[in-house]
Amino acid sequence: MWIEALIAVTLASAAVVFLAPNKVAGKLAFVLSLLPVGGSLWMYSTYEASGNALLEGSTLAFETNYQWVVAGPYSLNWHVGLDGISMPLIALTTVLTSLALLASWTPIQERQSQFYGLMLFLEASLLGVFSALDFFVWFVFWEMVLVPMYVLIGVWGGPRRKYAAIKMFVYTNIASLALFIGFVALVFGLGDSVTTFDMPTVAQALRAGELGSLGPIGPETLKVAAFVAMFVGFAVKVPVVPFHTWLPDAHVEAPTPVSIMLAGVLLKMGTYALLRFNFTMLPDVAQANAQLIAIFAVVSVLYGAMLALAQTDLKRIVAYSSVSSMGYVILGLVAYTVYGMGGATFQMVAHGLISGLMFMAVGVIYNTTHTRMVSDMSGLASKMPFTVAVFVAGAFGYMGLPLMAGFAAELFIFLGSFGAFEGSVLFTAAAMFGIVIVAGYLLLAMQRTLFGPFELETDYEVGPAAFHDVAPLVVLILLVILLGVDPNIFFGMIQDAVNPIAAATGGGA
Amino acid sequence: MAALPFELAPAIAALPFVSFLIALLVGAFAPRLLPKGGAIPGILATAGSLVLSVWAAVAVWNHPDGMYHDSITWVAGVGDAAFDLQFGILLDPLSTMMLVIVSLVAVLVHVFSLGYMNDEGETGLPRYYAGLGLFTASMLSFVFASNLLMAFMFFELVGLCSWLLIGFWFREPGPPSAAKKAFLVTRFGDYFFLVGVVGVFATFGTTAFVGSESFPILADQVLAGEGASVTTFLGLDPQAWFSVLGLLILGGVIGKSAQFPLHTWLPDAMEGPTPVSALIHAATMVAAGVYLVARIYGFYALLPQVMALIALVGGFTALFAATMGVVKREIKQVLAYSTISQYGYMMLGLGAGGYVAATFHLMTHAFFKALLFLGAGSVIIAMHHNENMWDMGGLKEKMPVTYYAFLSGSLALAGIVPFSGFWSKDEVLYEALVHGLESPILLAAYAMGLLAVFFTGFYTFRMVFLTFHGKPRTDTARDPHAVGWNVKVPLVVLGTLAAVAGLVNMVPVAEVTGIHLEFLHDWLDAGPEALTAHHYADLIPYASGEIGSPLLTVLLSAGVSLGLALSGAGAAWLLYDVPEPIRHTDRLGRVKTVLFNNYYQDEFQVWLANGVTLPLARVADKFDQGVIDGVVNGVSSVSLFSGGRIKRIQTGVVSNYAFLLTMGLVVLLVFIGVTGGWF
Amino acid sequence: MVPIEYYLLLSAAVFCIGVFGILTRKNALLFLMSVELLLNAANINLVAFSRFHGNLTGQTFSLFTLALAAAEVAIGIGIILVLYRNFADVDVTKATTMRW
């Protein structure tokens, strides 16, 4: 019942904050958000599970499963539970939400109670996405995420917030349609043997090769078509080039805390779902088309990095670099090795923390300078040394500096994908070149904005940031270093959860 | 249970790390509590490291295995054929020697910094000492790393520290830019290194340096056809694939050790404080690349093509950088190019099969180049931070301690007998010669290295004469700033070492007299069998030739290189040891312009970045905004447009709706009628 | 007894007149009257079939319809009054301010 309690507490907090007066909403929301943080950490400490949630022979942590709705022959279950893939993401979600709430105190100055209420509502939906194991429940949460996100960008965003919010909503919603059709087609294709949307049941039936025809469509075609539909659906969320253009717009317009949530957690929904659905349920399709998927990954990495190099807005730089970093995840997933898929999952957490950190740091700078353009400022380091120090540390984390989480994740991915499939050596080597470009654009941006003589176009008084602005940055950088020094905090359970996928598909080391 | 110094081995790196934490945290929250801005904890920590390193070296010498190795699993592999990632400590003669060098230079640089930074009233000292502490910790960890992955990780971390320290004066425009360039260029090399590390894992399943399951030994067994089988990729046979791996790792070496074509960052790195230049950009970090090759020499020795390439790159870099050093105006620039050139010699030595020779040069160079930089730092203090040699002159009388120490370093650098640089450089050239007699490529590399000796002698003494001899050319030079004990002590220590360190391995004397003087050979032969000098000597793919007799070859080699060094120094003496030296290099005309602009290498690389990569990025951005996002926006425009047309049916006039309703009913009736067969 | 076809024809004729009125008139009052015609056409059918089948349900239903028509007129007049207040006219084609 712990997952239900976690979600319920978060939802109740959202309701309380929604009704609270504006003045206290921020502090109240932060304090209440510590409840799910504590809950998820307690769950982590008592976590006991083995295997992959979707495959046979697994025991899940905090699992509940009961029949909820029966419609004709089909039944919908309330099925939630955690394995080594979802546990780290749950922890990431709660921790990052709390820090994002703290980072909202300065930038959010109107309709606070609604803002903080929606943030907590968003958190509850995300927790649902990462814990649900029945497709229907999962899909409801998946769509529930969009609603607060749309409002958060559309109301508290920048000048072009409506465009960005609608673009994000419509784009991802169309993607949801594609994945919904894809998955439901698979369930119907399984015929009478599967009369539920329960993900483990469906996954095991699909892996056992029980897929039949759906109308005139044969099983092989159906498999590929469903894979494509779901891949596209999730690729928009990740986002994979060429489905990425909503992301920079959304990031630029979204207020800082929303950017943190968007980059830190929402993008991981896409890769998490890819891992759960495409790569777990249809491994043969993924492996048969490994090169094609790897091309998507490599293009995302290099093209995203090149785009980041061309940007002049700090937030756009970080936004495009997210595209680049998420490309690594795809590369790791398609490797079908423990290091590759485990590294991909680890990268979800690592990138969640690091990109959250970067957006937060850019936000702190924006709070004082009121500009994000690289050309508008220089020499900030002499005015706000603490913020700049953390920014620098975060940027090096993003570049994959050893003993920080990003390096561990990328290293695992490279180790896993090198030689994992035909041509993977070249794909891996090409993707790894991303670590040079990322260093290029981050160092360039830092040199121009943070160092040199102090100048600022916007003529605001620049001083050190407030404690509650810097504190979450410090917490994040410490977490990044902690995970980088000892990846086993999460990597052990991740390996345990991805091992069945890799082992069953004959992936090597 | 390991003996005591080995138990304490992690502390060698941990002590400077603690000093980093102290400088960082106390410096940030309670700067007043920090004595000397963090220098005292730094000095104590590095001195502790030095003591422990020496103790460890002695213990290694006395240990029956000649080494100590211990590792912990960082990340355990899961599943079939998975490999563990490990952190380990490997103390053997090579690594303990390097540990002693690094910690010794680090102590001296910390002491020197008291004079260069504290006494000059710099701000941000905790940041400076934190950087030094972190650097020392990372560098020491790199040195005792027992596997390639750990080596790579700390290799990158020293890069970070280099960035932090080059950009120490971040309020000025120059240092941040130089720091960025240094990190980026070395990162480019590290990219290949990382691919190499991953490739070694995928091929051998381990990156350990030592033990029966270490990758050099596995590679040896595979190539010898003895059992061990490995996975190779890209359809290459083991020999070719190992060469690819060797070249990939070499990428990192070339970046870090500033070899052609990735040498351009090092001269720019002189923007950092001079003690940093001494510690990082001369004596230790730049040595990391060369040290890495020496560390996995058992692997490189199996790959003749890669070895030849290392020798060629080294020989070429030695000559190439030396020619640029001839025309520089700033004292630190001359030293920077000489550093590149000297690392070229080490690469030449390694590539030519002279493992001991290159290691020897690595050691002597660390002493005399740290000395020269610190000496230059002393001069810079005296000159109120003016680095232009043409503004100096006549400093000999004003600062004798600096002068004689600097002279000792210069004699070593130029390779004048009996200073340390002579012995080591001569041994490198000797190895290149004897192996080159049987291999034209090595001979070409040797020729370039030999030619560079002349230039080295010339630019070294041009620097000495311009700085210390003649008449003072500016008011500052007439009345230089005095330097304190904290500057002089490191200079004296290093000056002595630069003079005498060569005595540990006087090969030519040993050859001639038959007296056993090759102590470094013995030292490097004391380790475990697979890491010893004689094992490497068996592995190297070269035959040795000789001119006349072995004795004649030794004497000839030593004589030629000494003669060239002396003639270079003599030329400088003739031209520049006059009261009012003139700019003789102007006579080179356009050649000087080319040399002064570093063969336009920097321009080329800047063009690659600004002229190719950035426009490419902008094109990509245009493409992204125009085409990809254009399609997305196009889809929405089409829906909006068609919606805008279709909505016109909604006129708002009730009669129209009624009409449509009626018509709809009629059409429906007719349709049902026709299909239902009413008519 | 009058055959049922006659009632049906009458009903159809009344219905057509009502539809014609709705389609051609602009005056809201005439609209309302046309709608009444439509309703009454239906009433005629209800009563006619009720008699034809000998079942009183249809007649009862026509009573309901009459009551409904009365209520509808009340609402309709109300709408027309509001229309008049807002547009100073009872022309239905003028009230198009809520389209796109």
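B:Met139 sits in helix H5 (residues 125-144) of chain B, in a model that is predicted. This methionine counts as buried because 30 other C-beta atoms lie within 10 Å of its own, and 20 or more are enough for that label. If you set aside the neighbours within four places in sequence, the contacts of B:Met139 are B:Val102, B:Val158, B:Thr284 and B:Met285. You can also look from B:Met139 to B:Glu156: the two are 17 residues apart along the chain, and their C-alpha atoms are separated by 9.9 Å.

**The rest of chain B**

Stepping back from that one side chain, chain B holds 29 helices and two strands. Its two strands are a good place to continue. Strand E1 (residues 68-75) and strand E2 (residues 85-91) of chain B pair in the antiparallel sense, over seven bridges. To find the register on your screen, look for B:Ser71, which stands opposite B:Gly88 in E2(B). Strand E2(B) is mostly covered, as five of its seven residues are buried.

A backbone detail in chain B may catch your eye when you plot the torsions. B:His385 is not a glycine, yet has a positive phi of about 65 degrees. This histidine is placed in the loop between helix H16 (355-382) and helix H17 (395-398) of chain B. Is B:His385 buried or exposed? It counts as exposed, because B:His385 has 11 C-beta neighbours inside 10 Å and the limit for that class is 12 or fewer.

**Chain A**

Chain A has 20 helices and four strands. For its 509 residues, a compact globule would have a radius of gyration near 23 Å, and the 22 Å of chain A agrees with that. Here are some overall values for chains A and B.

| Chain | Residues | Span of the C-alpha trace along the principal axes | Residues counted as buried | Share joining residues at least 24 apart, among contacts between residues at least 6 apart in sequence |
|---|---|---|---|---|
| Chain A | 509 residues | about 70 × 55 × 40 Å | 66% | 79% |
| Chain B | 679 residues | about 130 × 70 × 55 Å | 58% | 80% |

Chain A has an antiparallel strand pair too: strand E1 (residues 61-71) is joined to strand E2 (residues 74-82) of chain A by eight bridges. Within this pair, A:Thr64 has A:Val80 in E2(A) as its bridge partner. The two strands make a hairpin with two residues between them, and A:Gly72 in the turn has a positive phi of about 60 degrees. A positive phi also turns up at A:Phe62, a residue other than glycine, where the value is near 55 degrees. A:Phe62 lies in strand E1 of chain A and is buried, because 21 other C-beta atoms lie within 10 Å.

Two peptide bonds of chain A deserve a look as well. The bond from A:Val238 to A:Pro239 is cis, with omega near -10 degrees, and the bond from A:Val241 to A:Pro242 is cis with omega near 10 degrees. A:Pro239 is placed in the loop between helix H8 (219-237) and helix H9 (246-253) of chain A, and A:Pro242 has its place in the loop between H8 and H9 of chain A.

**How the chains meet**

Which of the two pairs of chains in contact shares the most contacts? That pair is chains A and B. There, 43 residues of chain A are in contact with 43 residues of chain B. On the chain A side, helices H12 (290-310), H16 (405-417), H17 (424-432), H18 (434-450) and H20 (488-504) each supply at least two residues. By class, the chain A side that touches chain B divides into 31 nonpolar, eleven polar and one charged.

Chain C meets chain B through nine of its own residues, in contact with ten residues of chain B. The chain C side of this interface divides into six nonpolar, two polar and one charged.

One helix pair is part of the picture here: helix H29 (residues 654-676) of chain B and helix H1 (residues 4-24) of chain C have axes that come within 8 Å and cross at roughly 140 degrees. The two helices are therefore oblique to each other. From H29(B), B:Ser655, B:Ala658, B:Phe659 and B:Thr662 meet C:Val19, C:Ile22 and C:Leu23 in H1(C). This helix contact has five nonpolar, two polar and no charged residues.

As for chains A and C, no contact joins them, and their closest C-alpha atoms lie 20 Å apart.

Key: Residues are numbered from 1 along each chain as its sequence is written. Chains are lettered from A and ligands numbered from 1 in the order in which they are written. Two strands pair if DSSP finds at least two bridges between them. Two residues are in contact if their C-beta atoms, placed from the backbone, lie within 7 Å. Ala, Val, Leu, Ile, Met, Phe, Trp, Tyr, Cys and Pro count as nonpolar, Asp, Glu, Lys and Arg as charged, and the others, Gly among them, as polar. Axes are lines fitted to C-alpha atoms, for helices over the stretch in contact, and angles run from 0 to 180 degrees between N-to-C directions. Angles under 35 degrees count as roughly parallel, over 145 as roughly antiparallel, 65 to 115 as roughly perpendicular and the rest as oblique. The radius of gyration is taken over C-alpha atoms; the globule rule is 2.2 Å times the number of residues to the power 0.38.
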